[in-house]
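This report looks first at an annotated set of residues and then at the packing of the protein interior.

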Amino acid sequence: MDFTDQRLSYEKGVLDQQSVPTSPFELLGAWMTEAIEQKVQEPYAMSLATCGADLKPSVRIVLLREITETGVVFYTNYDSAKGQDISENPNAEVLFFWHELERQIRISGRIAKIDAGKSAAYFQKRPHDSQVGAWVSEPQSGEVANREVMEQKFAQLQSRYPSDSPVPTPTFWGGYEITAEHIEFWQGRASRMHDRIVYSKDDNNNWQTKRLLP
Ligand SMILES: Cc1cc2nc3c(=O)[nH]c(=O)nc-3n(C[C@H](O)[C@H](O)[C@H](O)COP(=O)(O)O)c2cc1C
């Protein structure tokens, strides 16, 4: 298959260094609000890149669950392949691509587990079947012989924890926060003259912006 004749012209917006807010989180919040209003499907889906001690990068989608004052939070299984990578190397990056808005956002920084109490509070808010599913998927990314094995485990756990009884929060499951060090906003423009503004922290811990060549 050859896609070399396939191209779109991006013309939906502009990004001007002079008019962006001082805080990247203000712009991130504004872009997220617009993505929700414009009905981007799963605007919270972000690609998470990690790299363990083997120096082989891995990337997969996780769901953004919170934008804090310092970064972004998602939830997963700490025993997963990504959890292993993170335990070996705390540098990570997430990426959003919203084609409806012709926008990309990259957030990189150090990643760490969030407070266990906060993870438990979120786990208990999830639908009962998702809670059971978290127990089935241990260790996440481990091999399973076939789908029936998974379904049997799911059924056993459902009878152990009927829908009116609480499911305990697994110790192997919880949130990670990436504390942002760089946040890049990309707005597609015509003729590949895209706008790229990146925020980075200076020595006084203030955010500074730079325009990057597309
Ligand atoms: C739309 C979408 C949302 C997902 N959200 C999550 C999530 O929030 N947490 C998670 O652990 N996996 C999520 N996954 C599954 C991951 O992409 C991945 O398959 C899984 O976490 C195992 O990754 P790993 O082997 O690199 O650890 C999602 C997948 C998709 C397609």
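## Annotated positions and nonpolar cores

In the unreviewed UniProt entry, the annotation "binding site" covers Arg7, Leu8, Ser9, Tyr10, Arg65, Tyr122, Arg126, Ser130, Arg192, Met193 and His194. In this predicted model, these residues span 188 residues in sequence and their farthest two C-alpha atoms are 43.6 Å apart, so they do not all gather at one spot. From this set, Arg65, Tyr122, Arg126 and Ser130 belong to the lining of the largest pocket.

Tyr122 lies in helix H3 (residues 116–125), and, leaving out residues up to four places away in sequence, Tyr122 touches Arg65, Tyr75 and Trp173. Arg192, by comparison, sits in the loop between S7 and S8, where, with the same sequence neighbours left out, Arg192 touches Arg7, Leu8 and Pro214. Polar contacts of these two side chains are listed below.

| Side chain | Partner | Distance |
|---|---|---|
| Tyr122 | Arg65 side chain | 3.0 Å |
| Arg192 | Leu8 backbone oxygen | 2.7 Å |

Tyr122 is buried, because its relative accessible area of 18% falls under 20%, whereas Arg192 counts as partly exposed at 42% relative accessibility.

Turning to the interior, the largest nonpolar core holds 33 residues, of which Phe96, Trp98, Ile105, Ile107 and Phe185 touch the most other members. Among the elements that each supply at least two residues of this core are helix H1 (24–37), strand S5 (91–98) and strand S7 (173–187), and H1 gives the most, with six residues. A second, separate core of 13 residues includes Tyr122, Phe123, Val136 and Leu157.

How values were computed: Residues are numbered from 1 along each chain as its sequence is written. This is a predicted model: local features need pLDDT of at least 70, side-chain atom pairs count only at pLDDT 80 or more; totals for chains, interfaces and linings use all residues. Side-chain values use heavy atoms; hydrogens and water are left out. A nonpolar core is a set of buried Ala, Val, Leu, Ile, Met, Phe, Trp, Tyr and Cys residues joined through side-chain atoms within 4.5 Å. Buried means under 20% relative accessible area, exposed over 50%, partly exposed in between (1.4 Å probe, protein chains only). Helices (H or I, at least four residues) and strands (E, at least two) are DSSP runs, numbered from the N terminus. UniProt positions are given in the numbering used here, feature names are shortened, and annotations may be inferred rather than shown by experiment. On a 1 Å grid over the protein atoms alone, a cavity is a set of points where a 1.4 Å probe fits but cannot get out, and a pocket is an open set with protein on both sides within 12 Å along at least five of seven lines; lining residues have an atom within 4 Å of a point. Contact means heavy atoms within 4.5 Å. A polar contact is a pair of N or O atoms within 3.5 Å; within protein, one must be able to donate a hydrogen and the other to accept it, and residues adjacent in sequence count only if both atoms are side-chain atoms.
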